[in-house]
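Thank you for letting me take a few minutes of the meeting. Please look at the sequence and the structure on the screen while I talk, and stop me if you lose the thread.

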Amino acid sequence: TRQMFAPAPFIVASFVGFALLSGCAGPRAVRGQDTPGLDNAAMSTSLDRKDLEKALKISMEAMRTSKLMARWEMEKDPTVGVLPIRNETSEHIDSALNALMTEIESQLVNFAPVRVISLEDQGSLIEEIRHQQQSGAFDQEHIARWGKQMGVRYIVSGKVFSTDERTESARRVQYYLFIRTVDVETGEILFQNQAPITKAII
C-alpha cells in the first residue's frame with residue numbers, strides 16, 4: 001500500500017511567503033514629493049488640481065492687466081467678496097472648487113489694492129448661495145443682493161462648465177473656467193475671462 005505524507009513545514013511556509021510577496025506587487029500608497037512627476041500625469045478626464053491651477057492662473061493674469069485693476073488702484077481700499085465657484089459639469093469637484101475660491105481670495109489679498117471680505121463667517125449666506133446655484137435660479141440680482149449683505153462694493157464670481165465628445169475608442173472633454181467681477185451698486189460687469197482646459201483619452 002502507498003503511504004500519504006504530509007507536506008514538509010518549510011514547503012508550506014514557502015508557498016505562504018510567495019503568496020504574500022505576490023500581493024505586495026499591486027498598487028501601493030505613495031507621497032507626491034517622493035514620486036517625481038506624479039502631479040503632472042493625467043489619471044482620467046476629470047479635472048484635477050493642476051488643471052484648475054492652470055486655468056486660474058490664466059484668469060488672474062488677465063485680471064492683473066485689466067482696466068479693473070487700474071480702477072481699483074484709483075480707489076481707496078475698495079472691498080471685494082468672492083462667491084463659491086459654480087459647478088456646471090457632471091464631475092464631483094465641489095471640494096476642489098471650494099479650494100479654488102480660497103485661492104482667488106489669497107491672490108487678491110496678495111496682489112490687488114483691495115480689502116477682501118471673506119464669506120467664511122457668514123454660513124447662512126453661503127448656504128443660500130449654494131442653494132441658488134444648485135437650483136439654477138442664479139442671476140445678477142442675486143449677486144448684487146449678496147454683495148450688499150457682505151458689505152462689499154465688488155463681487156468676483158465664477159463657474160466651470162464642459163462639453164463632452166466620444167468616439168468608439170476615444171473621449172475628449174473640454175472644460176472652461178469662467179471668472180467675472182461685478183460692481184454691486186450698478187450691476188456692471190467690469191471684468192470677464194474664460195480659461196479653457198482639455199482632457200482626453202486617445
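I will begin with charged side chains, and a search of the whole of this predicted model finds 11 salt bridges. As a reminder for those new to the topic, side chains of opposite charge can pair when their charged atoms come close.

The first pair I would like you to find is D51 with K199, a salt bridge in which the closest N and O atoms are 2.8 Å apart. D51 belongs to helix α2, which covers residues 49-64, while K199 belongs to strand β6, residues 189-201, so this pair ties together parts that are 148 residues apart in sequence. Are these two residues buried or exposed? D51 has a relative accessibility of 12% and therefore counts as buried, the cut-off being under 20%, and K199, at 5%, counts as buried as well.

Please turn now to two further pairs. D164 and R166 meet through their side chains in a salt bridge, with 3.9 Å from N to O; here D164 is partly exposed, at a relative accessible area of 39%, whereas R166 is exposed, at 61%. In the other pair, R172 and E165 form a salt bridge with an N to O distance of 2.3 Å, and both partners are partly exposed, R172 at 38% and E165 at 40%. Salt bridges also link R71, E75, R153, D183 and E185 into a network.

Let me step back to the overall layout. The protein has 6 helices and 6 strands, and, read from the N terminus, its elements run α-α-α-β-β-α-β-α-α-β-β-β. Of its 202 residues, 36% are buried. If we take the contacts with a separation of 6 or more, 64% of them are between residues 24 or more positions apart. One example of distance in sequence set against distance in space is R145, in helix α6 (residues 140-150), whose C-alpha lies 7.8 Å from that of V184, although the two are 39 residues apart in sequence.

Next comes the interior. The largest nonpolar core has 32 residues, and the members that touch the most others are M63, W72, I85, I104, L108, V160 and L177. At least two residues of this core come from each of α2, α3, β1, α4, β4, β5 and β6, with α4 giving the largest share, 6 residues. To see what surrounds one of these members, look at V160, which, leaving aside neighbours within four places in sequence, is in contact with residues including L47, I85, I93, L97, Y175 and L177. Apart from this core lies another, of 8 residues, among them L119, W146, V152 and I155.

Finally, we should ask where confidence is lowest and where it is highest. The mean pLDDT of the protein is 81, and 76% of its residues reach 70 or more. Helix α1, residues 9-23, has the lowest confidence, with a mean of 49, and helix α3, residues 67-74, has the highest, at 95. Over residues 18-22 the pLDDT stays under 50, and for this stretch the model has 0 contacts beyond four places in sequence.

That is the end of my tour, and I am happy to go back to any part of it.

Notes: Residues are numbered from 1 along each chain as its sequence is written. This is a predicted model: local features need pLDDT of at least 70, side-chain atom pairs count only at pLDDT 80 or more; totals for chains, interfaces and linings use all residues. Side-chain values use heavy atoms; hydrogens and water are left out. A salt bridge is a side-chain nitrogen of Lys or Arg within 4 Å of a carboxyl oxygen of Asp or Glu. Helices (H or I, at least four residues) and strands (E, at least two) are DSSP runs, numbered from the N terminus. Buried means under 20% relative accessible area, exposed over 50%, partly exposed in between (1.4 Å probe, protein chains only). pLDDT is the predictor's confidence in each residue, from 0 to 100. Contact means heavy atoms within 4.5 Å. A nonpolar core is a set of buried Ala, Val, Leu, Ile, Met, Phe, Trp, Tyr and Cys residues joined through side-chain atoms within 4.5 Å.
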